[in-house]
Amino acid sequence: MIYSRIEQVNRYNDFNRTIKMKLKLVLVLIVLVVCTKLPIYPQDINKNFELGKNLMVLSKWADAANEFLKVLQKDPKHPDAQFNVSLCYFYLQEYDSADIFISKLIKQLPNQPDVNNLFGIIKLRKQDTTTAFKSFTKAIELDKNFTEALLNRGNIYIERRQYNEAYQDLARAAKLDTMNAAVYFSLARTEHNLEKYYDAIDHFRIAMENGYTNADIFLRRGNSYYKVDKYQEAIEDYTRVLLWEPLNVLAYNNRAFAFEKLGDKFRADQDKQFVAEVEMSKTLNPKDVQFVRYKSSDSGITMLMPERFNSSETRFADSTVILFHPDSLLAQTHKVAFRLKIVPFYSKIVGSDDQAVLIEHWRKVQDSAESRYYRYELFERKNKPYRSFPTIFDKIIFQEDPFGVASIVMNYGIVYGEHLIEFNFAIPLPLFFYYDELFTKMLESLSVNRIL
């Protein structure tokens with residue numbers, strides 16, 4: 001089964017995208033419609049008003065609001081100032097303040113389409129969908145070609161699952177504004193729910209071509225591709241989602257079904273395992289883990305280690321490698337690994353005994369790995385102090401190929417005199433926060449006594 005993505009945190013996110021496109025047009029329309037009916041204001045009022053408009057262009061909403069408030073102190077019924085200050089408060093997310101001014105203005109100008117539209121948008125932010133719907137409807141009655149009001153009402157229809165009504169509004173809006181990406185996105189969502197999958201795919205494409213590109217639209221188009229048996233195209237869209245949101249469970253879940261349809265059991269199982277890891281991570285608590293003291297065979301290095309970790313030590317001609325693995329079969333299945341490597345006289349390899357040169361050489365070696373992998377994104381690099389020795393600690397999102405799963409690699413290097421101590425952690429991405437806390441405790445307990 002393919003699941004559609006549901007916005008649970010804020011059911012009105014789609015409206016916020018459309019308002020940004022509307023800002024300048026709304027301001028111009030209001031000025032044209034209203035100002036022609038207004039008397040000429042004193043020079044100081046005009047000065048404050050023009051300054052406020054310029055500040056809006058610069059997105060300095062608080063400063064702009066202050067200028068419009070100065071206008072309203074001198075002329076409480078100045079319609080442009082009331083509209084614009086309400087808009088400023090909207091962008092400051094001060095919806096109660098925005099509501100105060102737009103509510104006054106709608107009584108003053110009840111038949112102005114843009115005022116009704118903004119009133120509806122603000123009511124949406126205050127979760128008053130009923131009033132918002134009525135306001136958008138009135139705006140449309142006043143201006144049958146009001147694209148943004150049609151879009152806003154269409155989105156309410158979508159949330160109410162009234163897809164036929166939504167389709168009528170959104171198809172009409174698309175004819176009125178052929179470049180409005182938000183309209184095509186909402187229209188495509190509606191078409192998917194009406195099982196017009198090919199139309200949905202085409203309109204998702206048009207929305208993207210007009211600048212509407214994010215994880216959500218690729219996930220939705222992938223679902224539409226899946227419905228018409230275009231599984232490879234669906235996989236490619238789900239994979240794009242995972243580039244932006246590497247923990248998107250829906251994308252992994254849906255991609256697994258698409259891989260199954262193509263007979264790729266290995267990839268399907270890999271994605272299903274990722275979803276299982278996300279669920280497993282919800283049950284893990286690092287505070288439940290007991291630690292024991294680990295000692296290397298020569299007792300040169302000691303640290304705390306989770307009690308259910310096993311270790312194996314191998315000595316090579318130029319280094320010693322100690323591997324650690326959880327002893328639970330489940331954890332091994334999920335590829336949790338930890339390696340400690342000791343390189344005596346690293347200075348001879350580099351050709352310098354300067355510790356700054358040695359740690360810089362190690363850094364370059366780590367960074368050179370990027371070119372060998374599909375994904376190797378450094379998201380944190382810091383100096384994690386160990387006594388007075390030079391260190392670097394990297395956290396990297398790692399992925400071997402486009403259709404693989406992302407994991408976290410952490411590399412910690414310490415230049416200990418002329419020697420190198422290197423820690424490498426490999427953790428499935430969903431389990432990162434759990435193991436990150438464990439490994440942090442291990443590294444904080446590290447004690448290096450000598451390197452033979």
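**View 1. Strand β7 and its partner β8, seen at K395.** In this predicted model, K395 has M410 of strand β8 as its bridge partner. That pair belongs to a longer ladder: β7 and β8 (residues 407-416) are joined by 8 bridges and run antiparallel. Strand β6 (residues 375-382) also pairs with β7, again antiparallel, through 7 bridges. Look for R375 opposite Q399 of β7 to find your way along that ladder.

**View 2. The two covered faces of β7.** How many residues of strand β7 (residues 391-399) are buried? The count is 9 of the 9, so the strand is largely enclosed by the rest of the structure. One side carries T391, F393, K395, I397 and Q399, while I392, D394, I396 and F398 sit on the other, and both faces are covered. Note that K395, the partner of M410, is among the buried residues too.

**View 3. R363 and its polar neighbours on helix α18.** R363 is found in helix α18, which spans residues 355-368. Its side chain makes polar contacts with two acidic side chains: the one to E360 is 2.5 Å, and the one to D367 is 2.6 Å. Beyond its neighbours within four places in sequence, R363 is in contact with R381 and I392. I392 is one of the buried residues of β7. Another β7 residue, D394, lies 31 residues from R363 along the chain, yet their C-alpha atoms are separated by 9.3 Å.

**View 4. The largest nonpolar core, with M303 picked out.** Which residues touch the most other members of this 124-residue core? They are M303, F338, F423, F425, Y435 and F439. Among the helices and strands, helix α4 (residues 79-91) gives the most to the core, with 8 residues. A second, separate core has 8 residues, including V343, L358, I392 and V415. Back in the largest core, take a closer look at M303: leaving out residues up to four places away in sequence, M303 touches V292, R293, Y294, F338, L340, F423, M442, S445 and L446. Two of these, F338 and F423, are also on the list of residues that touch the most other core members.

**View 5. The open sheet of β1, β2 and β10, with helix α19 across it.** Three strands make up this open sheet, in the order β1-β2-β10 and with antiparallel pairing. Strands β1 (291-295) and β10 (447-448) form the edges, each pairing on one side only. Strand β2 (residues 301-306) pairs with β10 over 2 bridges in the antiparallel sense, and I301 has V448 as its bridge partner there. Helix α19 (residues 432-444) lies across β1 and β2, and runs at about 155° to β2.

**View 6. The β3-β4 hairpin.** Strands β3 (residues 309-315) and β4 (residues 320-326) pair in the antiparallel sense, with 7 bridges between them. The two strands form a hairpin with 4 residues in between. To find the pairing quickly, start from R315, whose bridge partner in β4 is T320.

**View 7. Helix α8, enclosed by its surroundings.** Helix α8 (residues 147-159) has 13 residues and reaches 19 Å from its first C-alpha to its last, close to the 18 Å expected at 1.5 Å a residue. Is it mostly buried or exposed? Of its 13 residues, 12 are buried, so α8 is largely enclosed by the rest of the structure. The buried set includes polar and charged residues, such as E148, N152, R153 and N155, as well as L150, L151 and I156. Just after the helix, R161 takes a positive phi of about 65°.

**View 8. D271, a buried aspartate.** D271 lies in helix α15, which covers residues 265-281. Why does D271 count as buried? Its relative accessibility is 0%, and buried means under 20%. Once neighbours within four places in sequence are set aside, D271 is in contact with Y252, R255, A256, F259 and V405.

**View 9. The whole protein, for orientation.** The protein has 19 helices and 10 strands. Of its 452 residues, 53% count as buried. Among contacts with a separation of 6 or more, 55% come from residues 24 or more positions apart.

Conventions: Residues numbered from 1 in each chain as written. Predicted model: local features only at pLDDT ≥ 70, side-chain atom pairs only at ≥ 80, totals over all residues. Heavy atoms only, no water. Buried < 20%, exposed > 50% of the residue type's maximum accessible area, 1.4 Å probe, protein only. Contact = heavy atoms within 4.5 Å. Core = buried A, V, L, I, M, F, W, Y, C linked by side-chain atoms within 4.5 Å. Expected span 1.5 Å × (residues − 1). Pairing = 2+ DSSP bridges. Axes fitted to C-alpha atoms, helices over the stretch in contact; angles between N-to-C directions. Polar contact = N/O pair within 3.5 Å; in protein donor to acceptor, adjacent residues only side chain to side chain.
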